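Q: I have a model open and want to read its features one at a time. Where do we start?

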Amino acid sequence: MDMAVDYGSAVGKAWKYAANGKRIAAFFLFLLIAFIFVLTPLYLLYRGIAGMALAGMFNFFSLMGTLFYMFIGFAAAFLVMLYATLVFTHNYANPKSLSGSAGAAKSVYLRFLAASIIVGAITFFVAAVPFVGVILAIIISLMFFFLPQEIAVGRSDLSAALSNSYMLFRKKWVDTIITLVISGVLGFLVLLIFAIPLMVVGFS
């Protein structure tokens, strides 16, 4: 019989891991790079639209070019955050060195990218199913919830990672859902903690 998950202990360990200056700085560095990739083409799009409005003319090719760069920027940000996911997943299991985890993440990055593309494609097509698409997409996401751990820590190959993640979900589907809910609530609370002071400053 499987042992019950100690969620209190798990949350405590996660908080202790996250409350580290070097890890926080590394995470915000990844986040900053991703934001630069996203915001730069958005700024170019804004300038292009504003320029066309001032000139009283519409340049279709210029707009399409900017939209293409915007797509590239979002794709680059996605790739950066995929790498960050691998780095911190590996580092949580092997907390000695972030640089060592960065090297380990680099060695399995293409494998994780391929797995993410496969899961993303399946989720996209399943989500298009009328009426129940969203529910099915959530289930697909939960089925492959453990992909980062399987690849970054378990070093599983592509097929084994997908299979092991699915089998682990089948075995512990309740724990998976509870973990996802707890992660979402904690993420929201952390955002709220940072947002409240900014709102107070903004409205003072």
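What follows goes from the overall fold to single residues, ring pairs and helix packing.

A: Start with the origin: this is a predicted model. Then take the secondary structure. The protein has 9 helices and 0 strands.

Q: What pattern does the protein follow along the sequence?
A: It reads α-α-α-α-α-α-α-α-α.

Q: What percentage of the residues count as buried?
A: Of the 204 residues, 26% are buried. The accessible surface is about 13,700 Å², and carbon and sulfur atoms make up 77% of that surface.

Q: How do I read contacts across the chain?
A: Look at sequence separation. Among contacts with a separation of 6 or more, 63% join residues 24 or more positions apart.

Q: Take one residue, I151. Is I151 buried or exposed?
A: Apply the cut-off: buried means under 20% relative accessible area. I151 has 0%, so I151 is buried. It sits in helix 7, residues 147–153.

Q: Which residues does I151 touch, leaving out those up to four places away in sequence?
A: I151 touches L86, V108, R111, F112, A115, S156 and A161. Take R111 from that list. R111 and I151 are 40 residues apart along the chain, yet their C-alpha atoms are separated by 7.6 Å.

Q: Now the rings. How many aromatic pairs does a search of the whole structure find?
A: The search finds 9. One example is Y17 with Y92. Planes over 60 degrees apart count as edge-to-face. Here the planes stand at 80 degrees and the ring centres are 5.2 Å apart, so the pair is edge-to-face.

Q: Where in the chain do Y17 and Y92 lie?
A: Y17 is in helix 1 (residues 7–18) and Y92 is in helix 3 (residues 60–93). They are 75 residues apart, so the pair links distant parts of the chain.

Q: How do the two rings' residues compare in burial?
A: Y17 is buried, at 13% relative accessible area. Y92 is partly exposed, at 41%.

Q: Which residues form an aromatic cluster?
A: F27, F28, F30, Y83, F88 and Y109 form one.

Q: Last, helix packing. Are helix 5 and helix 6 roughly parallel or antiparallel?
A: Read the crossing angle. The axes of helix 5 (residues 109–127) and helix 6 (residues 133–143) come within 7 Å and cross at roughly 160 degrees. Angles over 145 count as roughly antiparallel, so helix 5 is roughly antiparallel to helix 6. The crossing is right-handed.

Q: Which residues meet between helix 5 and helix 6?
A: Helix 5 brings V119, I122, T123, V126 and A127. Helix 6 meets them with G133, V134, L136, A137, I140 and S141.

Key:
Residues numbered from 1 in each chain as written. Predicted model: local features only at pLDDT ≥ 70, side-chain atom pairs only at ≥ 80, totals over all residues. Heavy atoms only, no water. Helix = DSSP H or I, 4+ residues; strand = E, 2+ residues; numbered from the N terminus. Buried < 20%, exposed > 50% of the residue type's maximum accessible area, 1.4 Å probe, protein only. Contact = heavy atoms within 4.5 Å. Areas by Shrake-Rupley, 256 points an atom, 1.4 Å probe, with all protein chains shown as cover. Phe/Tyr/Trp six-rings, centres within 6.5 Å; stacked < 30°, edge-to-face > 60°. Axes fitted to C-alpha atoms, helices over the stretch in contact; angles between N-to-C directions. Parallel < 35°, antiparallel > 145°, perpendicular 65-115°, else oblique. Left-handed = near helix turned anticlockwise from the far one by under 90°.
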